[in-house]
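This report introduces a protein structure to a reader who has not met it before. It begins with a group of aromatic rings and then turns to the wider arrangement.

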Amino acid sequence: MQTRVRALGHPVHQMVIVFPLGLLVTGAIFDLVRLVTGNEIFGQVGFWNITAGLVGAIVAAVTGWLDWTSIPAGTRAKRIGLLHGTLNGLVLVLFAISWLLRLDGTHQPGALPFTLEVLALVAGSIAAWFGGELVDRLGIGVHEDAHPDAASSLT
């Protein structure tokens, strides 16, 4: 089933999720390094990675929601998509709270912000599995004519 939001024949949601995914995970890793080493530069880098990740997550959420609205009601895909989106919404909220707690000028992570980030990464891992289920198992975001010798989307 093709998705609603496409660019050059490809689903936009699947393209844009890599940015918040990479940025938020990297931000949490830099925060861990900051907490272990005490080097505040890592806390700054973590904060700005999370900042950019949150912006990307909003874009991914909008495109994902628009695609979800095109899934037929009453289907397993609609239910899995709702779980996927809800969990990713939780990820966004947890990282946003962590980010807000660091707006004190130093941008350094403490125990609570980092704990929220870890919880968000766990929720995000589960959400990613549901996203894979949508694409790989249920064919959401896969072109109807997909096969090993399909023509290019640019033709």
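## An aromatic cluster

In this predicted model, Phe47, Trp48 and Trp99 are joined into a cluster by ring pairs. The structure contains 4 aromatic pairs. In one of them, the ring centres of phenylalanine 47 and tryptophan 48 lie 4.9 Å apart and the planes meet at 85°, so this pair is edge-to-face. Phenylalanine 47 also pairs with tryptophan 99, and here the rings are stacked, with 5.8 Å from centre to centre and 10° between the planes. This stacked pair connects distant parts of the chain, since phenylalanine 47 belongs to helix H3 and tryptophan 99 to helix H4, 52 residues apart.

How buried or exposed is each member of the cluster? Phenylalanine 47 has a relative accessible area of 1% and is therefore buried, the cut-off being under 20%. Tryptophan 48, with a relative accessible area of 48%, is partly exposed. Tryptophan 99 is likewise counted as partly exposed, at 24% relative accessibility.

## A tryptophan in helix H5

Tryptophan 129 lies in helix H5. Its relative accessibility is 52%, so tryptophan 129 counts as exposed, for which the cut-off is over 50%. Tryptophan 129 is separated from phenylalanine 114 by 15 residues in sequence and by 23 Å in space, taken from C-alpha to C-alpha.

## Helix H4 and its neighbours

Helix H4 covers residues 76-100, a run of 25 residues. From its first C-alpha to its last, helix H4 reaches 36 Å, close to the 36 Å expected at 1.5 Å a residue.

The buried residues of H4 are Ala77, Lys78, Ile80, Gly81, His84, Leu87, Val91, Leu94, Phe95 and Ser98. An α-helix has 3.6 residues a turn, so residues three or four places apart point the same way. Which helices do the buried residues of H4 pack against? They pack against helix H1 (12-16), helix H2 (18-37), helix H3 (40-68) and helix H5 (111-137).

## Pockets

The largest pocket has a volume of about 940 Å³. It is lined by 39 residues, of which His13, Ile17, Ala60, His84 and Asn88 are the closest to its centre. One of these, His84, is also among the buried residues of H4. Helices H1, H2, H3, H4 and H5 each contribute at least two residues to the lining of the largest pocket. By class, that lining comprises 23 nonpolar, 15 polar and 1 charged residues.

The second largest pocket has a volume of about 280 Å³. Among the 15 residues that line the second largest pocket, those closest to its centre are His10, His143, Ala146, Ala151 and Ser153. This second lining holds 6 nonpolar, 7 polar and 2 charged residues.

## Overall arrangement

The protein has 5 helices and 2 strands. Read from the N terminus on, its elements follow the order β-β-α-α-α-α-α. Along the principal axes, the C-alpha atoms fill a box of roughly 55 × 35 × 20 Å.

Of the 155 residues in the protein, 35% are buried. Among contacts with a separation of 6 or more, 74% come from residues 24 or more positions apart. The stacked pair of phenylalanine 47 in helix H3 and tryptophan 99 in helix H4, 52 residues apart, is one link between distant parts of the chain.

Note on methods. Residues numbered from 1 in each chain as written. Predicted model: local features only at pLDDT ≥ 70, side-chain atom pairs only at ≥ 80, totals over all residues. Heavy atoms only, no water. Helix = DSSP H or I, 4+ residues; strand = E, 2+ residues; numbered from the N terminus. Expected span 1.5 Å × (residues − 1). Buried < 20%, exposed > 50% of the residue type's maximum accessible area, 1.4 Å probe, protein only. Contact = heavy atoms within 4.5 Å. 1 Å grid on protein atoms, 1.4 Å probe; cavity = no way out; pocket = protein on both sides within 12 Å on 5 of 7 lines; lining within 4 Å. Points joined across faces, edges and corners; volume = space filled by probe spheres on them. Nonpolar A, V, L, I, M, F, W, Y, C, P; charged D, E, K, R; others polar. Phe/Tyr/Trp six-rings, centres within 6.5 Å; stacked < 30°, edge-to-face > 60°.
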